[in-house]
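Please open the model in your viewer and keep the selection panel at hand. The tour below moves from one selection to the next and says what is to be found at each stop.

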Amino acid sequence: MTARLPVFPLGTVLFPGLVLPLHIFEERYRALVRHLVGLPEGAAREFGVVAIQAGWEVAPAGPPGRSGPAGGDVTLHEVGCTAELRQVTELADGGFDIVTVGRRRFRIAEVDDAAAPYLTAEVEWLPEPTGTDEVADLLAARVISVFRQYLGLVRPDPQEISEQLPEDPTVLSHLVAATAALTVDDRQRLLAIDDTAGRLRAELRLLNREAALLREVRAVPVPLSELAGPPAPN
């Protein structure tokens, strides 16, 4: 099943269930927000967030009164996630502060940069797991354990890691992918994995990798700030 969506290229990856606040200042995306707000009551107010593979989020300056819809030469990743508009605050300068929540994943079939001031795309909805998956349940328990160890390395205050992590394996997989200190490419690969068990397996590898790197950094015998500066005079 396919659909046509407005598309918002960003330098980040959105996952289902995660909150994404945005400050909207470019005219093409102001037009997008006005379009969504003007939809009939009950209509889905959502747009596609897709991570940029190459190029820039902000459109370069063009002829007066015209802003290029694609922001120049922008290459997008193939898989994205819709953002559902939850809160809109209009600003005095005509911009908006909005709050969105990730909803469902999709794969881009075709991008159109001429149909609207902003990009639109024909997208294919990607499947989400339903029902019980015993393998995913077992992997989720391991991911929770390793993720807590990882948080203990990045957050010195133990109280900061006492929060309850979701037990649902799919929700957990999206939370870990969005909150661990991963690269955009790492996050993009996780978003593109269709099955929860596969995503959790990948996250175990990534969390173990990141934890090992953090332990190495902590093993440095002098503060990193000292290593970065000139040697002290004798």
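Begin by selecting Pro-129, Thr-130, Gly-131, Thr-132, Asp-133, Ala-136, Asp-137, Asp-168, Pro-169, Thr-170 and Thr-196, which together line the largest pocket of this predicted model. A pocket here is an open set of points on a 1 Å grid over the protein atoms alone, where a 1.4 Å probe fits and protein lies on both sides within 12 Å along at least five of seven lines; lining residues have an atom within 4 Å of a point. The space in this largest pocket comes to about 180 Å³, where a volume is the space filled by probe spheres set on the points, and points are joined across faces, edges and corners. Residues are numbered from 1 along each chain as its sequence is written. Because the model is predicted, local features need pLDDT of at least 70 and side-chain atom pairs count only at pLDDT 80 or more, whereas totals for chains, interfaces and linings use all residues, and side-chain values use heavy atoms, with hydrogens and water left out.

Colour the lining by class, and three nonpolar, five polar and three charged residues appear; in this scheme Ala, Val, Leu, Ile, Met, Phe, Trp, Tyr, Cys and Pro are nonpolar, Asp, Glu, Lys and Arg are charged, and the others, Gly among them, are polar. Now switch to the ribbon: helix H2 (134-154) and helix H3 (169-179) each give at least two residues to the lining. Helices (H or I, at least four residues) and strands (E, at least two) are DSSP runs, numbered from the N terminus.

Stay at the pocket and pick out Thr-132, which sits in the loop between strand S7 (120-125) and H2. Is Thr-132 buried or exposed? Thr-132 counts as exposed because its relative accessibility is 72%, the cut-offs being under 20% relative accessible area for buried, over 50% for exposed and in between for partly exposed (1.4 Å probe, protein chains only). A distance drawn from C-alpha to C-alpha between Thr-132 and Asp-168 gives 9.8 Å, although 36 residues separate them in sequence.

In the same loop between S7 and H2, select Leu-126. Leu-126 is buried, with a relative accessible area of 8%, and it touches Val-79, Arg-105, Phe-106, Arg-107 and Asp-194, leaving aside residues up to four places away in sequence; contact means heavy atoms within 4.5 Å. Between the C-alpha atoms of Leu-126 and Val-79, 47 residues apart along the chain, the separation is 8.9 Å.

Next, go to strand S3, where Val-50 has its place. Val-50 is buried, with a relative accessible area of 0%, and among the residues that it touches are Val-7, Phe-8, Leu-76, His-77 and Phe-106. The C-alpha atoms of Val-50 and His-77 are 6.4 Å apart, with their positions 27 residues apart along the chain.

The next selection is the largest nonpolar core, a set of 48 residues in which Phe-8, Leu-22, Ile-24, Phe-47, Ile-98, Phe-147 and Leu-207 have the most contacts. A nonpolar core is a set of buried Ala, Val, Leu, Ile, Met, Phe, Trp, Tyr and Cys residues joined through side-chain atoms within 4.5 Å. The largest share of this core, eight residues, comes from H2, and at least three residues come from each of domain 1 (2-125) and domain 2 (134-217), with bounds taken from an automatic or database domain assignment. Centre on Leu-22 and show its neighbours, which include Phe-8, Phe-47 and Ile-98. A second, separate core has twelve residues, including Leu-5, Leu-76, Phe-106 and Val-123.

Select helix H1 (residues 27-37), whose buried residues are Arg-28, Tyr-29, Arg-30, Ala-31, Leu-32, Val-33 and Leu-36. Their cover includes strand S1 (2-10), strand S2 (19-24), strand S3 (46-54), strand S5 (79-90) and strand S6 (96-112).

Finally, zoom out to the protein chain, which has six helices and seven strands and in which buried residues make up 41% of the 234 residues.
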